[in-house]
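Subject: Structure handover

Dear colleague,

Please find the structure below. My notes on it come after.

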Number of protein chains: 2
Amino acid sequence: MTQDTGGPRPVPTLEMVAALAGVSRATVSRVVNDSPSVDPELAQSVKKAILALDYTPNRAARSLAKRRANAVTLIVPESTSKVFADPFFASVVQGIALFLTDTEYTLNMVISSESKPEKTRSFLLGGNVDGVLVVSHHSGDHSWTHLSGSLPMVFAGRPLVGGRESYYVEVDNEQAAYSATRQLTDSGRRHVATIAGPQDMPPGIDRLAGWRTAVREAGLAEGLVEVGDFTLASGARAMHRLLDRGTPIDAVFVGNDQMAAGAYTAIQGRGLRIPEDVAVVGFDDDSFATSVTPALTTVHHPIIELGKKMAETLVNLIEGKPTERVTRMPTSLVLRDSV
Amino acid sequence: MTQDTGGPRPVPTLEMVAALAGVSRATVSRVVNDSPSVDPELAQSVKKAILALDYTPNRAARSLAKRRANAVTLIVPESTSKVFADPFFASVVQGIALFLTDTEYTLNMVISSESKPEKTRSFLLGGNVDGVLVVSHHSGDHSWTHLSGSLPMVFAGRPLVGGRESYYVEVDNEQAAYSATRQLTDSGRRHVATIAGPQDMPPGIDRLAGWRTAVREAGLAEGLVEVGDFTLASGARAMHRLLDRGTPIDAVFVGNDQMAAGAYTAIQGRGLRIPEDVAVVGFDDDSFATSVTPALTTVHHPIIELGKKMAETLVNLIEGKPTERVTRMPTSLVLRDSV
DNA sequence: TTGTAGGCGTTATCAC
DNA sequence: GTGATAACGCCTACAA
């Protein structure tokens, strides 16, 4: 039962506002773009007219005139889209969207089907977009880099190779892993193992490096390493391998929370207690961290912030403002009950 | 070391194509929009010119001329964005994006900050968008419905209230829950409990209803119900309550896989075996299903398909093609090792 | 400070 | 079938 007052009211145009306010279109335009040089009184009446008509500038017309799309697009590599449910990805997108909401840029998304990359390419280069964001978390895959000469572009995560020229935002995985491990060594654990992520992905590599530095500093063994693939199941298997070695283990730093959840099942399945027998520290602070018992001590990512930062960097790039090429987001260790 | 052939080549325009092909802009336009009436030979040479220049139509100009945005926007209610990592949400978006990739519509996303809904509103009504998609999975919240008079709009999930007029796509939760439970009763289980989702969300309500019908048909007790909130922890607690009742239980249908994972810890923590002592069936077929041991028998959602269907419905609506108001997607039971 | 006028790249309506 | 030409809604010198 919607109240219909004579069909859909036509979308108001700048011209209609001008008519209503009794000024020229140029003036209205100035008001809309808050140009400094416009009589305050006039500006007021124009604003009133705008409100009265509920006028919104037409994006297409504006883009056409300014030769600016006022849009940035998020490229989702098809490979990523398979793990689209990756909480990291989701949060990054959320951060991006949140930042852009307060700007004049619109966010649009394309899934770059590998079948026809040239379609994506020409869309991007066709002047329909002012900048590009690429989320390639784990893989470190920075294809598309070749476009960065033609279009501002910001990546999430350190590139696996190259990337000497690409702009990107990442969390300081190594530093975070180091602190997490220090938490273990400082509290007196002497047999600190690690379950690392894949060694062909920056996060896997860097977190392992951080662990290594910490155990070395503490004068502990550097051999207690097993590698998983960031899945819960792989974490369980890796933990079993660690425990099967016969060497004592009283703590483990795990490359992400999902694997940590797997490690929990392995540890507790053998009748060992957390943290009494084995302390566990994870990485990510995702939903697993608080849903397992005991609650997991883990490294918190500011992922949403990372997304915001990506968007901010891109906008700066677009508007020619000075910007850091690489931004490293700080992390923090969240102490819970597993250490 | 990018090969720079004299700065960024200016974006080719329709006019340039016309010049190169030696025809008028009108003709090029016709070719681009493959109008029927154009000499095949001419069309060929025009196409060649397009390829040679790597011409892409300017979206803004096109929109302006056609008075069509060629864009649909996905509204993410801020409440949803908090559970942005919801795998359901992620997959729906993926489906939407996949469908739109093959159309002339662009997908853009806005997070409707509740702080300034009128901004979102005027953006949508300002002629910048041809249609709107709203994902409100769990909540069943169909605010924005009021816009459906002015703009084509499609929702994901059955609305909690009203929705007599809204277009939406959903999975048949009740039917799926019924089949899942039938699997249990048909295989001889006589004490079939359920852990239901929140009773103020359509999926929670409908899945419970499906379970109820099945146990009733089988002549079993209808009282073995505990309610959770779709989280792993709540599933564990609910399972414990069920087990604490003292009544025998040899099977349980759980409202989603996350809660099922929780139920696993409760069951196995008490030394009971799955499926020998208690059979478990979940719902969602998300990553939990295969990462737990034994692998979980669960209901598979065609979530990506649901997203595609939403987009398809919206496009039909926009283009005035006939369309069903509500589409129910079929589900399937994936048999694994937990029954 | 304000208005006039031309142009942004396409589509659409005409004649031809 | 093809080509001028006028919109589409807005911005921006330039002139007043």
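The notes cover the two DNA strands, then two helix pairs, then some backbone details.

This is a predicted model, in which local features need pLDDT of at least 70 and side-chain atom pairs count only at pLDDT 80 or more, while totals for chains, interfaces and linings use all residues. Residues are numbered from 1 along each chain as its sequence is written, chains are lettered from A and ligands numbered from 1 in the order in which they are written, and side-chain values use heavy atoms, with hydrogens and water left out.

DNA strand C

Around DNA strand C there are 28 residues, of which A:Thr27, A:Arg30, A:Asp39, B:Leu14 and B:Ser29 come nearest (a residue is near a strand if one of its heavy atoms lies within 4 Å of it). Of the atoms of strand C that come within 4 Å of the protein, 66% belong to sugar and phosphate. The surface near strand C divides into 12 nonpolar, 8 polar and 8 charged residues (Ala, Val, Leu, Ile, Met, Phe, Trp, Tyr, Cys and Pro count as nonpolar, Asp, Glu, Lys and Arg as charged, and the others, Gly among them, as polar). At least two residues of this surface come from each of helix 2 (25-32) and helix 4 (59-66) of chain A and helix 2 (25-32) and helix 4 (59-66) of chain B (helices are DSSP runs of H or I with at least four residues, strands are runs of E with at least two, and both are numbered from the N terminus).

Two atom pairs involve bases of strand C: an N or O atom in the side chain of A:Arg30 is 2.5 Å from a base oxygen, and a backbone N or O atom of A:Ala65 lies 3.4 Å from a base oxygen. On the phosphate side, a polar side-chain atom of B:Asn33 is 3.3 Å from a phosphate oxygen of strand C.

DNA strand D

DNA strand D is surrounded by 27 residues, and the closest are A:Leu14, A:Tyr55, B:Arg25, B:Thr27 and B:Arg30. Here sugar and phosphate make up 60% of the strand D atoms that come within 4 Å of the protein. The residues near strand D comprise 12 nonpolar, 7 polar and 8 charged. Phosphate oxygens of strand D lie 2.6 Å from a polar side-chain atom of A:Tyr55 and 3.4 Å from one of A:Asn33. A backbone N or O atom of B:Ala65 lies 3.3 Å from a base oxygen of strand D.

Helix pairs

Helix 1 (residues 14-21) and helix 3 (residues 40-53) of chain A pack at about 125°, with axes 9 Å apart (axes are lines fitted to C-alpha atoms, for helices over the stretch in contact, and angles run from 0 to 180 degrees between N-to-C directions). The residues of their contact divide into 9 nonpolar, 1 polar and no charged (contact means heavy atoms within 4.5 Å).

In chain B, helix 8 (residues 173-186) and helix 9 (residues 202-217) pack at about 40°, with axes 7 Å apart. Their contact holds 7 nonpolar, 5 polar and 5 charged residues.

Backbone

Most residues other than glycine have a negative phi, and most peptide bonds are trans. The bond from B:Ile274 to B:Pro275 is cis, with omega near 5°, and B:Pro275 lies in the loop between helix 11 (257-269) and strand 9 (279-284) of chain B. Another cis peptide bond joins B:Thr293 and B:Pro294, with omega about -5°. A:Phe230 has a positive phi, near 75°, and is found in the loop between strand 7 (225-227) and helix 10 (232-244) of chain A.

Regards

Technical notes. Polar contact = N/O pair within 3.5 Å; in protein donor to acceptor, adjacent residues only side chain to side chain.
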